[in-house]
Amino acid sequence: MRYTEFMKIFFGLLLILFLAFSGYHLTFRRFRLPLFARRFYLTGIEFLFLGILLGPQFLNIVDEDTRRGLEPLTALLLGWTGLLFGFQFEMARLRRFAFEFLSAAIMEGAIAFVWNFLGIYCALSLFFSLTGLMKIMLATTLASVAACTAQTGLALLPRDSVTRHRDTLKLLTCISNINGLIPLLTFGVAFLFSPRFLITTNIGRDIMGGFGLVLLYTLFLTRHRKESELILIVIGMAVLTSGTASVLHFSPLFANFFVGCCIVNLSNEKDRIFNILISVEKPVYLLILVFLGVNCHFSIDLASALMLGSVCFCLWRSLGKIFGGFAISHLSRELKRYPHRLGFGLLDMGGLSLAILLDFHHGFLYEMTSHIIGMILMAVVFNNLTSYYFLRQLLNSSLKQQSTMP
Amino acid sequence: MHKNLMTYFPALFLLIVFALWVKSVAIQSSWQGAGLINFSSAFVLLAAYLSGHILRLAQIPLVSACIFTGIIAGPYISGFLTSDMVGQLRLIDDLALSFIALTAGGELHLQSLRKRGAAIALNIVLITLAVFALVFAFVVFAGKEFQLIQNLSPAQTISLGILLGVVAVARSPSSAIAIISECRASGPFTETVLGVTIVMDVLIIILFTLALTVTRLILAGAGGISQYTFVVLFAELATSLLLGALIGKGVSFYIDRVGYDLSLFLLFIAFGITKTSLWLSHFTEEHFDIYLHLEPLLICMSAGFTVQNFSKKGFEFMESLDRIALPIYVLFFSLAGASLNLEALRMCWPLALSLVLIRAIGIFTGSWLAGTLHRDPALHNRNAWMGYLTQAGVAIGLAQLAQRQFPEIGEHLNTVVLAVISVNQIIGPVTFKTVLNKVGEAGKR
């Protein structure tokens with residue numbers, strides 16, 4: 001038996017054991033696992049490893065042909081995430097948040113983006129010989145990935161903690177819902193200026209395409225539809241928009257975000273569509289993790305460099321988030337009531353960050369992108385395993401601050 | 001309805017204009033190429049959905065509307081979907097077929113099967129005999145009238161007759177399930193048609209293996225029927241059924257103990273089954289010199305059947321499949337339409353139409369006799385043939401298998417089968433919907 005075959009069987013067995021263990025956990029999830037293990041499962045990191053196992057480096061179940069065959073599914077995942085993020089920007093809903101909250105959320109995203117962009121750009125200039133445009137593109141993507149925040153940690157908090165810190169958690173939720181706006185907009189614009197596409201990009205044509213799509217979907221959604229029909233329309237919408245974006249050299253994620261923003265403010269079916277989108281949010285996130293796992297590449301020669309890079313990325317990002325949190329807690333008198341360590345609660349990386357990474361990988365199929373994905377994914381693992389500790393620190397300090405207030 | 005049409009027509013018009021505009025953009029990179037495939041698949045999905053609503057006015061079922069859309073978008077008419085694109089979407093096609101097979105298994109209720117067992121068995125035996133006998137006789141005795149068969153030797157004509165006769169028995173469970181699901185049909189007639197169609201899908205593999213062996217005897221003039229072939233065949237079928245049952249148990253355990261993200265879980269199962277069975281065939285052939293072909297569709301059907309009949313989770317299972325069934329059916333049948341070989345139909349349409357007619361007569365004779373013997377209502381007996389006309393993937397697969405084994409007659413067989421399927425796949429869903437309305441079982445669920 002050849003070595004590769006032996007490896008395939010071995011990893012096949014490993015995969016089965018892994019799934020059995022996951023199944024066991026899911027089955028008996030009412031038993032209290034240690035916090036570390038719970039975070040491991042609830043952040044879906046196991047699906048990342050599943051992707052790595054299924055990918056070309058090990059089992060090769062998702063080989064090149066399969067990956068190509070699954071392109072529409074990837075487009076659907078990116079489209080779904082983009083639509084879901086776009087649906088956060090319903091004007092009527094946004095008006096319910098205090099103005100300070102909204103500006104704090106957008107400011108936090110912008111500060112974290114700029115911080116990360118500068119750091120990453122300097123690092124790329126020092127250690128890599130890339131063209132200027134490529135450096136900007138890469139730094140923009142990684143800074144966008146770094147600037148977005150997820151709510152995983154907030155979902156893990158015990159009920160009494162949620163009650164005690166209602167105000168702080170409300171602000172954190174608002175920030176993590178919206179702070180991806182600036183990073184995603186910048187990523188979307190930077191996508192247009194990719195060195196690969198620059199010659200053929202036509203911004204006027206792209207904008208016209210976007211509005212054409214919105215008009216088309218508005219027609220689809222003028223009447224009340226059965227749920228199964230609405231699911232079909234949403235799937236069609238996500239894949240059609242992603243496909244159009246790719247043909248016109250645009251980011252599928254950003255194009256769907258734009259469509260989502262328009263639909264949520266124009267269609268009467270917005271609530272039902274949102275329910276469909278949110279009902280598979282977790283599976284979509286997990287599948288993105290699987291796809292990223294499949295696409296990433298770990299080379300033994302570069303292992304130490306990638307590990308170092310991911311630690312540096314993680315630390316720099318955390319500093320940016322902490323600084324961003326500190327800055328917004330000084331924005332206005334209203335926001336001064338909140339703990340200065342607000343950034344401690346914004347360290348989780350979630351679906352939007354990963355979707356940007358997947359979008360980047362599909363748009364920029366250079367050899368180095370799979371290494372970059374590997375590096376960032378390691379950073380995601382570090383980040384998601386440690387962020388809960390920092391969130392608890394924030395909430396403890398918030399209690400102390402409350403007790404010292406007159 | 002007319003108010004709805006006021007939105008369907010402009011939406012379809014705008015979609016087509018948009019598609020033509022996107023199609024006019026020059027494709028210069030693989031990223032754009034992949035995007036165009038995504039765009040095309042979504043375009044077909046949405047266009048088929050709109051066409052389905054528009055054609056509903058003419059009582060045409062959604063399946064047929066999807067097939068028409070696929071044909072129009074496909075390589076032979078507008079060329080919007082090229083053959084390469086259809087090939088690249090094959091994985092989605094396989095995935096959809098596994099999903100449909102899961103649904104097929106779930107639709108079979110043991111209690112109904114027991115109740116309708118005699119009717120199902122009679123229909124299978126009599127339809128198989130009538131269709132095979134008529135098609136075989138037609139090819140052997142009247143085949144010389146057609147250009148395609150004129151130059152074949154008598155032995156080759158007999159072999160072609162046997163193979164065409166067996167392929168004519170094959171049906172399309174996916175179309176049947178899609179129509180039943182669309183019409184929300186339920187009742188003894190529906191159960192009988194579904195039971196016959198699904199059981200026939202298993203039996204056709206055995207019949208075809210037998211036909212291949214006999215053909216080999218006729219064409220090569222040597223050897224005998226090998227027991228080994230049948231032992232392997234039965235081992236494959238038994239293993240597929242057993243594996244499906246085990247997977248079904250696993251699925252019901254998952255629903256029972258976990259219960260959420262069921263659609264994703266079923267997607268994973270369907271994908272896993274398709275890929276693993278292909279890989280296993282390859283692996284056993286390469287390493288142990290054994291060609292063990294596990295049938296993914298049979299595994300999925302068996303899994304669905306187990307969840308429905310040997311667990312208490314049948315309802316949740318079907319509900320979860322139902323929720324995502326519409327996009328899967330629409331995409332699957334549109335791609336099926338785009339894959340239809342209109343070139344083959346153009347080449348031999350007189351022979352194809354004659355075979356379609358002969359097959360329909362065979363089905364009518366068999367189903368009428370079976371119904372009469374079983375004392376089913378006369379209305380059912382007169383119209384049952386309309387429920388058995390659809391034909392799809394399995395028949396194409398069998399013809400391709402025969403082509404590989406007997407290149408001397410394979411090309412003729414493949415061309416005729418593709419042409420016959422093209423006609424049956426277009427008219428079959430329409431007749432099935434009509435008969436479900438006629439016997440009054442549509443809308444009973």
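In the predicted model, helix α13 of chain A (residues 203–220) and helix α14 of chain A (residues 227–247) have axes that come within 11 Å and cross at roughly 170°. An angle over 145 degrees counts as roughly antiparallel, so α13(A) is roughly antiparallel to α14(A). On the α13(A) side, the contact is made by A:Gly209, A:Leu213, A:Tyr217 and A:Phe220. On the α14(A) side, A:Ile233, A:Met237, A:Thr241 and A:Thr244 take part. By class, this contact has 5 nonpolar and 3 polar residues. Charged residues are absent from the contact.

A second helix pair in chain A joins α5 (residues 71–86) and α19 (residues 351–363). These helices pack at an angle of about 140°, with their axes 10 Å apart. That angle makes α5(A) oblique to α19(A). The crossing is left-handed. Helix α5(A) contributes A:Thr74, A:Leu78, A:Thr81 and A:Phe85 to the contact. Helix α19(A) contributes A:Gly351, A:Leu352, A:Ala355, A:Leu358, A:Asp359 and A:His362. The contact residues divide into 5 nonpolar, 4 polar and 1 charged.

In chain B, the axes of α5(B) and α14(B) come within 9 Å and cross at roughly 140°. The two helices are therefore oblique to each other. Their crossing is left-handed. From α5(B), the contact draws on B:Ile92, B:Asp93, B:Ala96, B:Leu97, B:Phe99, B:Ile100, B:Leu102, B:Thr103 and B:Gly106. From α14(B), it draws on B:Gly314, B:Phe317, B:Met318, B:Leu321, B:Ala325, B:Ile328, B:Leu331, B:Phe332 and B:Leu335. By class, the contact of α5(B) with α14(B) has 14 nonpolar, 3 polar and 1 charged residues.

Chains A and B also meet each other. Their contact takes 40 residues from chain B and 38 residues from chain A. On the chain B side, the elements giving two or more residues are α1 (2–23), α2 (30–55), α5 (90–107), α12 and α14 (314–339). Helix α2(B) gives the most, with 14 residues. By class, the side of chain B that touches chain A has 26 nonpolar, 9 polar and 5 charged residues.

Helix α12 of chain B covers residues 262–288. At 1.5 Å a residue, its 27 residues should span 39 Å. The end C-alpha atoms are 37 Å apart, which agrees with that expected span. The buried residues of α12(B) are B:Leu262, B:Leu266, B:Ile269, B:Ala270, B:Phe271, B:Ile273, B:Thr274, B:Lys275 and B:Ser277. Just after α12(B), B:Asp289 takes a positive phi of about 55°.

B:Ser252 lies in helix α11 of chain B (residues 227–257). A residue counts as buried if 20 or more other C-beta atoms lie within 10 Å of its own. B:Ser252 is buried because 21 other C-beta atoms fall within 10 Å. Not counting residues up to four places away in sequence, B:Ser252 touches B:Val307, B:Ser311 and B:Lys313. B:Lys438 is 186 residues from B:Ser252 along the chain, and the C-alpha atoms of these two residues are separated by 37 Å.

Key
Residues numbered from 1 in each chain as written. Chains lettered and ligands numbered in written order. Predicted model: local features only at pLDDT ≥ 70, side-chain atom pairs only at ≥ 80, totals over all residues. Helix = DSSP H or I, 4+ residues; strand = E, 2+ residues; numbered from the N terminus. Expected span 1.5 Å × (residues − 1). Buried ≥ 20, exposed ≤ 12 C-beta atoms within 10 Å, placed from the backbone. Axes fitted to C-alpha atoms, helices over the stretch in contact; angles between N-to-C directions. Parallel < 35°, antiparallel > 145°, perpendicular 65-115°, else oblique. Left-handed = near helix turned anticlockwise from the far one by under 90°. Contact = placed C-beta atoms within 7 Å. Nonpolar A, V, L, I, M, F, W, Y, C, P; charged D, E, K, R; others polar.
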